[in-house]
Amino acid sequence: VGTDTNIWLAKVNSGVPFTVGMVVVCIVGTCLLMIILVTLLTRPLSQMVQGMEQLLNMELSKGRDPNFSAFAEVREMQHTTHRLTQALLAFERYLPPTVVRVLLRDTTLHRLWMTPVEVSIHFSDIVNFTSVSESLGHVKLNALLAEYLQEMSTIIINSGGTIDKYVGDAIMSFWNSPDLVAQYCSCAVEAAVRCQQRLNVLRGKWAEAGLPELHCRIGLNCGEVLVGNYGCEVKMDFTILGDAVNLASRLEGLNKKYGTSIMISEQLYSSDDVSSRFVCRLLGRVAVKGKTQGVEVYEVLGFTAEVDPTEAAAADLYTCAVRAFLGRDFGLALTTLAKYPYGGTAVRQLRAVCQRYLKDPPPLDWDGVEVLKEKF
C-alpha cells in the first residue's frame, strides 16, 4: 500500500507544473480577453465622448466616419451621434457656427436678449444687380450668385467675421461678436480689400465664360450696437441693431455718389491700425439722410504694402485738397486738385463745389458738412 501511495503521489507531483501552467494560461488568457472586451467597449465610448465635445465646439469635420463598435447598443449610440453630427452640419449653414457654438454652450441664451457690444460692420451690394438679373436666366443667375456669395463669405468668415444675413445679393456681417476678435476694425477693412481683390480675379473668369462681370460696393463702420437674439418667441434672429449699423448701410450706398468701391467712416479710420495698414483718401464730411451731424468718410484703396507709391502719394494729395476745402480755403483746394493725377466722380464734384463757393461763399457757420437729402 505504501508503495502504491508513493507512486500516486509521484504522479500527482509530476503533474503539478502542468496544472499550474494551465491555470496561469487560463488566468492570463481571461485577463487578455477582458482587456480586449473592455477596449472594444470603452474605445468607441471614448470616441463618442470626444465627438460630443467636438459637437459642442462645432468642430464637426473632426467627428465624421467613426469606427462603429461590434456591440449593438454602442453601435446604435454611435449611429445616433453620427446622425446628430450630420444634422448640425446642415444646421450651421443656416446659422453662423460661432453663434451655434455659443447657444450649445449656454442654454440660458435660448431666449430674447440683446446686449451692447463694440463691433465693426460690413454691408456690401452688387452694382446694377437688377440689370444683371434681367440678363440671365434663373439657373445661371442662381449659380453666379452662389459663387459670388461663397467667395465673399469665405473671406469674411476666415477673417473672424460673422455673416448676419443675405438680402438678395447684399451681405451684412460684423466682427467681435459672438466671439471676440482682436483688431476687429482692421479685420473688417482687410476683409473688404480681400473681397474686392478676389472679385477682380473672378471677373476675368466670368468674362471668359460669357457671364456678367460683377462689381460690388462695400460700406464699413464701427461702434457700439445691440447684439443678441432679436424677434419674438416664435422666430428669433441673432443680429445687431443701432445707429452704427444704419451708418454702415448708408456708406455702402454712398459709394454711388463718389464713384468708389470701399467707403469707411472716420471712426473706423481712426481705430486699430487702419490708417497705417491701408491707403485711404478723405472724401468729405457728410450727414446721411435723417441725420444732422456730419461724419468724415474715406475711400480705402488697398494695403499700404501693396498700393503703388505714386497712387499712395496721390491719395495724400487728394486728402490735402479736401482738408483745404473743409477749412474754407477753396482756392488752395483747387490748386491742390490741379496737381492730382487722376480723374473720377469725386474729383469732378469737389472741383465744381470749390468753384461755386469761390463765386458764392457759404454762410459763416458752414462746417463743410454736406447734408444728404436722399438715400443712395
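**Exercise 1. Work out which backbone atoms the side chain of N176 meets, and where this residue sits.**

In this predicted model, the backbone oxygen of E118 lies 2.8 Å from a polar atom of the side chain of N176. Turning to V181, its backbone nitrogen is likewise found 2.8 Å from a polar atom of the N176 side chain. As for its place in the chain, N176 belongs to the loop between β3 (170–175) and α6 (184–208), and with a relative accessible area of 9% this residue is buried. Once neighbours within four places in sequence are set aside, the contacts of N176 are V117, E118, V119, V181 and Y184.

**Exercise 2. Explain why C216 forms no disulfide.**

A disulfide requires two cysteine sulfur atoms within 2.5 Å. The cysteine sulfur closest to that of C216 belongs to C195 and is 6.7 Å away, which is too far for a bond. C222 is in no disulfide either, since the nearest cysteine sulfur, in C185, is 3.9 Å away. By this rule, the count of disulfides is zero. Both cysteines are buried, C216 with a relative accessible area of 3% and C222 with 10%.

**Exercise 3. Determine how the buried residues of α11 are arranged around its axis.**

Begin with the residues themselves: in helix α11 (residues 330–339), F330, A333, L334, T336 and L337 are buried. They lie on the same side of α11, because the arc they cover around the axis is only 165°. This buried side packs against α10 (309–326) and α12 (345–359), whereas the face turned away from it carries A338 and K339, which are exposed.

Conventions: Residues are numbered from 1 along each chain as its sequence is written. This is a predicted model: local features need pLDDT of at least 70, side-chain atom pairs count only at pLDDT 80 or more; totals for chains, interfaces and linings use all residues. Side-chain values use heavy atoms; hydrogens and water are left out. Buried means under 20% relative accessible area, exposed over 50%, partly exposed in between (1.4 Å probe, protein chains only). Helices (H or I, at least four residues) and strands (E, at least two) are DSSP runs, numbered from the N terminus. The arc is that of the directions from the helix axis to the C-beta atoms. Contact means heavy atoms within 4.5 Å. A polar contact is a pair of N or O atoms within 3.5 Å; within protein, one must be able to donate a hydrogen and the other to accept it, and residues adjacent in sequence count only if both atoms are side-chain atoms.
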